[in-house]
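Biologist: I'd like to learn how to read a sheet and a pocket. Could you walk me through them?

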Amino acid sequence: MKKLLCKLFGHQPPVYGRKGWWSPGEEYARISPNYLERDGIGREHVVVMSECPRCKEKFKLCRLHLPEKRKP
């Protein structure tokens, strides 16, 4: 049933995770080192992966631009 809900409505964000309504936003997501990329203008991108609290499947939460490294 839980996997059916995720297929119909999408995965549940980790903000509604294991602890409950009294502590929203305390769940962790992970930056996946397998998805570190550099685009045509030199900006680095990473993919943030999370686990759905409902079906326990790992899914892509978002993509991020990494901040540019400061030149000394």
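**Reading the sheet and a pocket**

Modeller: β2 and β3 pair in the antiparallel sense, with seven bridges between them. This is a predicted model, where local features need pLDDT of at least 70 and side-chain atom pairs count only at pLDDT 80 or more, while totals for chains, interfaces and linings use all residues. Residues are numbered from 1 along each chain as its sequence is written, and side-chain values use heavy atoms, without hydrogens and water.

Biologist: What counts as a pair of strands?

Modeller: Strands are DSSP runs (E, at least two residues), numbered from the N terminus, and two of them pair if DSSP finds at least two bridges between them. Here Glu51 has Lys58 in β3 as its bridge partner.

Biologist: How many bridges join β1 to β2?

Modeller: Five, between antiparallel strands β1 (residues 30-38) and β2 (residues 44-51). Glu37 stands opposite His45 in β2. The two strands form a hairpin with five residues between them, and Gly42 in the turn has a positive phi of about 90°.

Biologist: In what order do the three strands lie in the sheet?

Modeller: The order is β1-β2-β3, in an open sheet with antiparallel pairing. β1 and β3 (58-65) are at the edges with a single partner strand each, so one side of each has no neighbour in the sheet.

Biologist: And the pocket: which residues line the second largest one?

Modeller: A pocket is an open set of points on a 1 Å grid over the protein atoms alone, where a 1.4 Å probe fits, with protein on both sides within 12 Å along at least five of seven lines; lining residues have an atom within 4 Å of a point. Here the lining includes Arg38, Gly42, Glu44 and Lys69.

Key:
Helix = DSSP H or I, 4+ residues; strand = E, 2+ residues; numbered from the N terminus.
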